[in-house]
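Subject: Structure handover

Hello,

Here is the structure for you to look at. My notes follow below it.

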Amino acid sequence: MLLLIFLRVPIGLAMFVAGLGGILIMTGDTSIAFGRLRSETYSTFSNYSLSIVPMFLLMGHFATLGGMSQALFKAAESWLGHRKGGVAMASVGACAGFGAICGSSLATAATMSRVALPELKRYGYSGGFSTATLAAGGTLGILIPPSVVLVIYAIITEQNIAKLFLAAFIPGILAAIGYMLAISVYVRINPGSAGIRERVRYLERLRALWDVWPVLIVFILVVGGIYLGWFTPTEGAAIGAFGTGIIAWFAGGITGASLSESFIVTAKSTAMIFFIIFGAAFYNGFLALTQMPQAAALWVSESGFSPMTIILIILVFYLILGCFMDSLSMILLTIPIFWPIVQGLDFNFVSLVELQSARLEDLVASGKEVPAALLAEAQSLLANGQELSREMTRELKLRGVSNGAFNRVNIEHTAIWFGILVLIVVEVGLITPPVGMNLFVINAMDRETPMVETYKAVLYFVASDLVRVALLMAFPVITLMLLPI
């Protein structure tokens, strides 16, 4: 498979060929392999959750047609542009805002570059610094929810999409702040790389801020609606695409030609993603036959390495792989191997006392009658860090506090924490030389800037990402604090 990839065969086709050939070798029966070809096609593409992908891609196209990218950049520039490196910071802020309504990193990078690159050049920002800033800012498109890559990760690991979106929110904000700090450091070390922009009056700032209300409405409606249970993630994606389309239509950005082009571009992008998913399904079927993921998990469990050491090794592997592959391909290629390993690690993010406390709060909130003395005793024990006995949980009729439920909650939190870490290091891969996808997208839009200049400047943003990964590894609560138990 790797040989085919290095020979420039599309990665979806490489995984499909390796998977189909592997199944033929393992079974020695062509009827099994080609029978799987028939069944896998339907089972893969009839997955209801996958319909989120074209909806989020279409939402990003409509947002561009509606002028939302320009409004976001203008608002961020009016508030930050007068600072040292302020126009670059505004670019990052606009990328973060656009990422909230576009689930693609490459789309965010390409769209915001068309808006921000001329302004950066206009105010005297060096070419390498400008392109590196926009390449790094574009990665926020897959971290700040909604995110296409997070949806795929959720499907592979069978996790709740809404909870993953919620967990990504704080790391996404930290990413934007970290990039702005990296810009601040860069312009102080290289003072000639950024020019000065005049200060904007507060009245103009408020007007620019008012123009971004469509973005806030779409983000709150989609992400807030999913979290509050008003609709499923798939319904939320459809509502977001429809709402963004209506806004773009009122803004005059949608014509018959542009609407047709949006559908065609979305269909092409979706077909590319779906073919990679299809190839990965065959590749994963071959892995399942070999029992290699299970054998790897067993070997790791018997290796004596600590759970954090294992996670660190996996993340370093992703950083190396990110120099040669795109984010979606990495997720589809590696998660079926790594997830069984991580699933067997014991992190104990949630204690039994915390689980019992959460379930007791749910019981009280439900309004069910509970003997006052029994409730007071249970609350006192939990407040002192003591677990409730089985007899007491039976008397209280607490549900979801068994050992099985306890293990499920911890596995879910492990999956979400690991998913966010993987998403961040995959995001680093998009801007890591020599083959960072975002670097090539931005550099193609600014042919005058040598790629080596972009490479030099982007290392500051890579350093910011590595600090963030270390922070989230050391303090998992940052990722998990918003999640309900």
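The sulfur of Cys-95 lies 10 Å from the closest cysteine sulfur, which is in Cys-102. That is too far for a bond, because a disulfide is a pair of cysteine sulfur atoms within 2.5 Å. A search of the whole structure finds 0 disulfides. Cys-95 is buried (under 20% relative accessible area; exposed is over 50%, partly exposed in between; 1.4 Å probe, protein chains only), at 0%. Cys-102 is buried too, at 3% relative accessibility.

A word on the source: this is a predicted model, where local features need pLDDT of at least 70, side-chain atom pairs count only at pLDDT 80 or more, and totals for chains, interfaces and linings use all residues. Residues are numbered from 1 along each chain as its sequence is written, and side-chain values use heavy atoms, leaving out hydrogens and water.

Now the helices (DSSP runs of H or I, at least four residues, numbered from the N terminus). How do H7 and H23 cross? Helix H7 covers residues 105–122, and helix H23 covers residues 437–444. Their axes (lines fitted to C-alpha atoms over the stretch in contact) come within 10 Å and cross at roughly 25 degrees, on a scale from 0 to 180 degrees between N-to-C directions. H7 and H23 are therefore roughly parallel (under 35 degrees).

Which residues make the contact (heavy atoms within 4.5 Å)? H7 gives Ser-105, Leu-106, Ala-109, Ala-110 and Ser-113. H23 gives Met-437, Asn-438, Val-441 and Ile-442.

Best wishes

How values were computed:
Helix = DSSP H or I, 4+ residues; strand = E, 2+ residues; numbered from the N terminus. Parallel < 35°, antiparallel > 145°, perpendicular 65-115°, else oblique. Contact = heavy atoms within 4.5 Å.
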